[in-house]
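Let's take a walk through this structure together, one piece at a time. Have the sequence and the 3D view at hand, and turn the model as you read.

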Amino acid sequence: RDIEQKEKNEEMRKEFLANVSHELKTPLALIQGYAEGLKDGISDDPESREYYLEVIMDETKKLNTMVKKLLTLNEMESGQETITMERFNVAEVVEGIAQSYSLIIGQKEGKLRLKVQNPLYVWGDELKIEEVLSNYISNACNHLDGARIIEIKAEQKGEQVRISVFNTGKQIPEEDIKRIWDKFYKVDKAHTREYGGSGIGLSIVKAIMESLNGRYGVNNYENGVEFWIEL
């Protein structure tokens with residue numbers, strides 16, 4: 001069993017390094033290419049220079065976000081991250097995050113629907129739950145389509161509180177449902193690259209919810225997708 005576990009860990013390490021290398025390759029190549037272009041004076045007009053600089057800054061921002069997410073995930077998976085369990089009103093957290101995302105949703109011509117029972121007291125780590133919901137809402141914004149509706153719900157279900165984030169748009173193919181929680185897994189690579197996604201967000205959700213002994217999941221509907229957690 002020890003040998004099997006060691007081989008499994010080594011396989012996971014190799015896969016992780018291969019994925020990280022692959023994810024870093026594109027932004028680094030773009031940064032290098034555009035920086036060399038600027039140095040060589042490939043374009044002298046201010047508008048083109050501005051565009052080159054914007055690409056470099058955009059790719060640097062994507063790299064920075066990915067590295068921060070990887071560090072968070074590493075801390076969660078290695079058990080180094082401190083979990084603070086406390087009783088708090090999660091309804092206020094949901095309403096606060098929804099309000100902070102309302103501008104972004106508006107910019108994407110989306111409509112926000114909020115259905116929250118208040119108060120809703122749960123046991124958990126408030127900051128970690130904020131991070132989970134932020135990942136869900138960010139995902140919903142990036143995959144918004146169709147009627148362009150994002151619906152956030154929080155309600156009591158027996159001993160549990162269920163929080164869900166639904167967005168109208170494409171369904172997740174059934175063969176991808178189990179794998180979306182894996183590090184670096186992307187259903188639509190081109191679209192993910194387009195909005196600067198790293199394929200790490202849902203892995204962080206998984207790590208957080210498992211550390212809190214909470215449930216999490218995803219449901220396809222005819223007109224869209226719903227991600228949920230239970231505390």
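Let's begin at Glu-174, which sits in helix 5, a stretch covering residues 174-177. Keep in mind as you look that this is a predicted model. Is Glu-174 buried or exposed? Glu-174 is exposed, because its relative accessible area is 60%, and the mark for exposed is over 50%. To get a feeling for distance, find Gly-106 as well: 68 residues separate Glu-174 and Gly-106 along the chain, and their C-alpha atoms are 30 Å apart.

Now turn to the sheet. It is an open sheet of five strands, arranged in the order 2-4-5-7-6, with mixed pairing. Strand 2 (111-116) and strand 6 (215-221) are the edge strands, each of them pairing on one side only. On average, neighbouring strands here are turned by 15° against each other, direction ignored. As a reminder, strands of a sheet pair through backbone hydrogen bonds, and they can do so either parallel or antiparallel. Strand 6 and strand 7 (residues 224-230) are an antiparallel pair, joined by seven bridges. One bridge to pick out is that of Tyr-221, whose partner in strand 7 is Gly-224.

Two helices lie across these strands. Helix 3 (residues 90-107) lies across strand 2, strand 4 (149-157) and strand 5 (160-168), and runs at about 175° to strand 2. Helix 4 (residues 126-142) lies across strand 4, strand 5, strand 6 and strand 7, and it runs at about 180° to strand 7.

How do helix 3 and helix 4 meet each other? Their axes come within 10 Å and cross at roughly 35°, and the crossing is right-handed. On the helix 3 side, the residues in contact include Val-90, Val-94, Ile-97 and Tyr-101, while helix 4 brings residues including Ile-129, Leu-133, Ile-137 and Cys-141. Sorted by class, the contact between helix 3 and helix 4 has eleven nonpolar, two polar and two charged residues.

That brings us to the interior. In soluble globular proteins, nonpolar side chains tend to be buried together. The largest nonpolar core in this model has 54 residues, and those with the most contacts inside it are Val-90, Ile-129, Tyr-136, Ile-163, Phe-227 and Ile-229. Among the elements that each supply at least two residues of this core are helix 1 (2-39), helix 2 (46-78), helix 7 (201-211) and strand 7. Click on Phe-227 to see its surroundings: leaving aside residues up to four places away in sequence, it touches residues including Tyr-136, Ile-163, Ile-172, Trp-181, Leu-202 and Val-218.

Leu-202 leads us to our last stop, as it is one of the buried residues of helix 7, together with Ile-204, Val-205, Ile-208 and others. Why can helix 7 be called largely enclosed by the rest of the structure? Eight of its eleven residues are buried, so helix 7 earns that description. Its buried residues pack against helix 2, helix 4, strand 6 and strand 7.

Ser-203 also belongs to helix 7. Ser-203 counts as buried because its relative accessible area is 3%, where the limit for buried is under 20%. Setting aside residues up to four places away in sequence, Ser-203 touches Leu-73, Trp-181, Asp-182 and Lys-183. Finally, look just past the helix: helix 7 is followed by Asn-213, whose phi is positive, near 55°.

Note on methods: Residues are numbered from 1 along each chain as its sequence is written. This is a predicted model: local features need pLDDT of at least 70, side-chain atom pairs count only at pLDDT 80 or more; totals for chains, interfaces and linings use all residues. Side-chain values use heavy atoms; hydrogens and water are left out. Two strands pair if DSSP finds at least two bridges between them. Helices (H or I, at least four residues) and strands (E, at least two) are DSSP runs, numbered from the N terminus. Axes are lines fitted to C-alpha atoms, for helices over the stretch in contact, and angles run from 0 to 180 degrees between N-to-C directions. Contact means heavy atoms within 4.5 Å. A nonpolar core is a set of buried Ala, Val, Leu, Ile, Met, Phe, Trp, Tyr and Cys residues joined through side-chain atoms within 4.5 Å. Buried means under 20% relative accessible area, exposed over 50%, partly exposed in between (1.4 Å probe, protein chains only). A crossing is left-handed if the near helix is turned anticlockwise from the far one by less than a right angle, and right-handed if clockwise. Ala, Val, Leu, Ile, Met, Phe, Trp, Tyr, Cys and Pro count as nonpolar, Asp, Glu, Lys and Arg as charged, and the others, Gly among them, as polar.
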